[in-house]
Amino acid sequence: MNTRHSCRSLRSRGAAMALAAGLLLAPLAQAAVCEATSGAKPPMVVELYTSEGCSSCPPADLWLSTLNDQPGILPLAFHVNYWNHLGWQDRFATPATTQRQHQVRAVQKGKYVYTPQVVLNGQDHRGWRGETPATLLMAVQTNQASTPSLKLVREGRRVTAAVGAIGGASTLAGYWAVLQDGLVSQVTRGENAGETLTHDHVVSLYQPVSAWTASEPRRLQLDLPEGPQFDALRVAFVVTRPGLVQPVQGVVLQCPA
């Protein structure tokens with residue numbers, strides 16, 4: 001994905017007169033600001049719907065990890081909760097990420113949801129096995145028409161998305177995805193009992209944004225929750241068509257710990 005990253009510092013200085021010596025106090029601590037900007041071409045968004053309770057999912061999880069740091073590709077792993085009844089609770093599955101897969105099914109007019117499912121730029125993609133990043137990029141041609149600019153800025157626990165205005169589309173929508181990598185689970189029950197599973201690009205927080213008028217610029221904010229899992233992480237924002245399924249732009253922001 002062709003995005004531009006930069007980090008800068010905002011220095012807040014405070015001074016007070018010492019009673020006897022007239023010395024200045026030291027500058028206050030710096031507050032780091034990190035940002036990323038979209039490139040000329042939007043990334044291919046690869047969504048994997050998976051579960052630690054599904055015996056056919058680990059190969060798909062490993063395949064998604066082969067897309068790490070690949071230019072032009074934005075991988076997202078959505079863990080779903082409808083396998084939890086088999087005895088293993090997937091700690092990464094949430095009602096929100098599960099609901100997203102049902103929304104994708106409805107837009108695609110599918111008969112059912114399933115795992116592992118790979119969705120490329122809003123379309124079901126069953127031929128993912130054995131695909132390399134190069135062949136994946138050839139599988140779907142990204143539409144560069146009416147693509148908005150996108151800039152993400154993080155300051156402290158607040159992330160701001162600035163989406164540029166475009167013509168040719170009445171409305172746009174989007175969603176936030178907070179991502180975690182290098183996660184490991186020792187599964188003791190269910191279909192994967194006894195297995196050690198590894199995950200990258202796990203969506204630990206999914207927050208959709210309602211539609212807005214595309215001809216006007218839009219600023220959106222995400223306040224990251226407290227907790228160590230929301231400190232050293234990546235934050236993505238994906239701009240979509242109104243149904244929240246077909247992407248038109250996306251950026252991932254990774255700030256130094």
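Two residues are in contact here when they have heavy atoms within 4.5 Å of each other. Keep that in mind for the tour of this predicted model.

**Start with Tyr 206**

Select Tyr 206, which you will find in strand β12. Beyond its neighbours up to four places away in sequence, Tyr 206 touches Phe 78, Ala 96, Thr 97, Arg 100, Tyr 175, Trp 176 and Leu 244. Now show the C-alpha atoms of Tyr 206 and Ala 96: they are 6.5 Å apart, although 110 residues separate the two along the chain. Is Tyr 206 buried or exposed? It counts as buried because its relative accessibility is 10%, and the cut-off for buried is under 20%.

**Zoom out**

Switch to a cartoon of the whole protein, and you will see 3 helices and 15 strands. Of its 257 residues, 47% count as buried. If you draw the contacts between residues at least 6 apart in sequence, 71% of them join residues at least 24 apart. A surface view shows about 12,500 Å² exposed, with carbon and sulfur atoms supplying 54% of that area.

Next, colour by pLDDT. The average is 87, and 85% of the residues score at least 70. Then select residues 7-31, where pLDDT stays under 50. The model gives this stretch 29 contacts beyond four places in sequence. Where pLDDT is low, the predicted coordinates should not be read in detail.

**Into the cores**

In soluble globular proteins, nonpolar side chains tend to be buried together. Here, the largest nonpolar core has 27 residues. To bring up those with the most contacts inside it, select Leu 150, Leu 152, Trp 176, Trp 212, Leu 220, Phe 237 and Val 239. Which elements give two or more residues to this core? They are β2 (31-37), β7 (150-155), β8 (158-163), β9 (171-180), β12 (202-213), β13 (218-223), β14 (234-240) and β15 (247-254).

There is also a second, separate core of 22 residues. Select Val 104, Tyr 206, Val 245 and Val 252 to see some of its members, our starting tyrosine among them.

Back in the largest core, centre on Val 239. Leaving aside neighbours within four places in sequence, its contacts include Pro 148, Leu 150, Val 163, Leu 172 and Trp 212. Pro 247, Val 248 and Gln 249 are also among them.

**A small stop at the cavity**

The structure holds 1 cavity of 30 Å³ or more, and its volume is about 30 Å³. To find it, select the lining: Asp 61, Leu 64, Ala 77, His 79, Thr 198, His 199, Asp 200 and Val 202. Two or more of the lining residues come from each of α1 (58-65), β4 (73-79) and β11 (196-199).

**Backbone details to finish**

Go to the loop between α2 (95-108) and β5 (117-120), where Pro 116 lies. What kind of peptide bond joins Thr 115 and Pro 116? It is cis, with omega at about -10 degrees.

Stay in the loop between α2 and β5 and pick Lys 109. This residue has a positive phi of about 60 degrees although it is not a glycine. Lys 109 counts as exposed, at 71% relative accessibility.

For your last selection, move to Asn 121, in the loop between β5 and β6 (123-124). Its phi is also positive, near 45 degrees, in a residue other than glycine. Asn 121 counts as buried, however, with 11% relative accessibility.

Note on methods: Residues are numbered from 1 along each chain as its sequence is written. This is a predicted model: local features need pLDDT of at least 70, side-chain atom pairs count only at pLDDT 80 or more; totals for chains, interfaces and linings use all residues. Side-chain values use heavy atoms; hydrogens and water are left out. A nonpolar core is a set of buried Ala, Val, Leu, Ile, Met, Phe, Trp, Tyr and Cys residues joined through side-chain atoms within 4.5 Å. Buried means under 20% relative accessible area, exposed over 50%, partly exposed in between (1.4 Å probe, protein chains only). Helices (H or I, at least four residues) and strands (E, at least two) are DSSP runs, numbered from the N terminus. Accessible areas come from the Shrake-Rupley method with a 1.4 Å probe; for residues, only the protein chains shown count as cover. pLDDT is the predictor's confidence in each residue, from 0 to 100. On a 1 Å grid over the protein atoms alone, a cavity is a set of points where a 1.4 Å probe fits but cannot get out, and a pocket is an open set with protein on both sides within 12 Å along at least five of seven lines; lining residues have an atom within 4 Å of a point. Grid points are joined across faces, edges and corners, and a volume is the space filled by probe spheres set on the points.
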